[in-house]
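Thank you all for coming. I would like to take a few minutes to go through one model with you, so please have a look at it before I begin.

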Amino acid sequence: WKPDAPPHAAWCAVGELPVFRFGFDALARATGSLMGVPTECEHGVPLSDDTVQATTTGVAVYTWCSNTPSFARGQEHWALTPGGVEHWIGGAPHVQPTVRMPDLRRPCPR
């Protein structure tokens, strides 16, 4: 911390601003202003290889196992799948969209 330094967003390197990248950027472009603006930098989730990023309207989650970026705002969810954006209300969808082949060297948790 330095006096008169600009505020520093959580999980960001010094001087880095929170932005959507990769799958979160693609999902944000596909859903318009729905995801709002990132309030922190994307970061890993303890005990998993997934990543998350808080926004002004909810939270974006990247699920490594299915290579799926998704966004949740309360009970509403959106995910970027090979068929486009899927939307549902409530818990997780019955079948997690898979957008890449399974990696048998590192199986997904069930």
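**Core, ring pair and disulfide**

W78 is buried, with a relative accessible area of 9%. Please keep in mind throughout that this is a predicted model. F71 is buried too, at a relative accessibility of 2%, and these two residues bring me to the aromatic rings, of which the structure holds one pair. The ring centres of F71 and W78 lie 6.1 Å apart and the planes meet at 35°, and since planes under 30 degrees apart would count as stacked and those over 60 as edge-to-face, this pair is tilted.

Both residues also belong to the largest nonpolar core, which has nine residues, namely F20, F24, L27, A28, L34, M35, A60, F71 and W78. The element that gives the most to this core is helix α1, residues 22-31, with three residues. If we take L27 and set aside its neighbours within four places in sequence, we find it in contact with M35, P69, S70, F71, W78, A79, L80 and V85.

Let me turn now to the cysteines. How many disulfides does the count come to? The count is one, formed by C12 and C41, with the sulfur atoms 2.0 Å apart. The link of C12 and C41 is right-handed, with 100° about the S-S bond. Because C12 sits in the segment before α1, while C41 sits in the loop between α1 and β1 (43-44), the pair ties together parts that are 29 residues apart in sequence. As for accessibility, C12 is buried at a relative accessible area of 8%, and C41 is likewise buried, at 5%.

Technical notes:
Residues numbered from 1 in each chain as written. Predicted model: local features only at pLDDT ≥ 70, side-chain atom pairs only at ≥ 80, totals over all residues. Heavy atoms only, no water. Core = buried A, V, L, I, M, F, W, Y, C linked by side-chain atoms within 4.5 Å. Buried < 20%, exposed > 50% of the residue type's maximum accessible area, 1.4 Å probe, protein only. Helix = DSSP H or I, 4+ residues; strand = E, 2+ residues; numbered from the N terminus. Contact = heavy atoms within 4.5 Å. Disulfide = S-S within 2.5 Å. Phe/Tyr/Trp six-rings, centres within 6.5 Å; stacked < 30°, edge-to-face > 60°.
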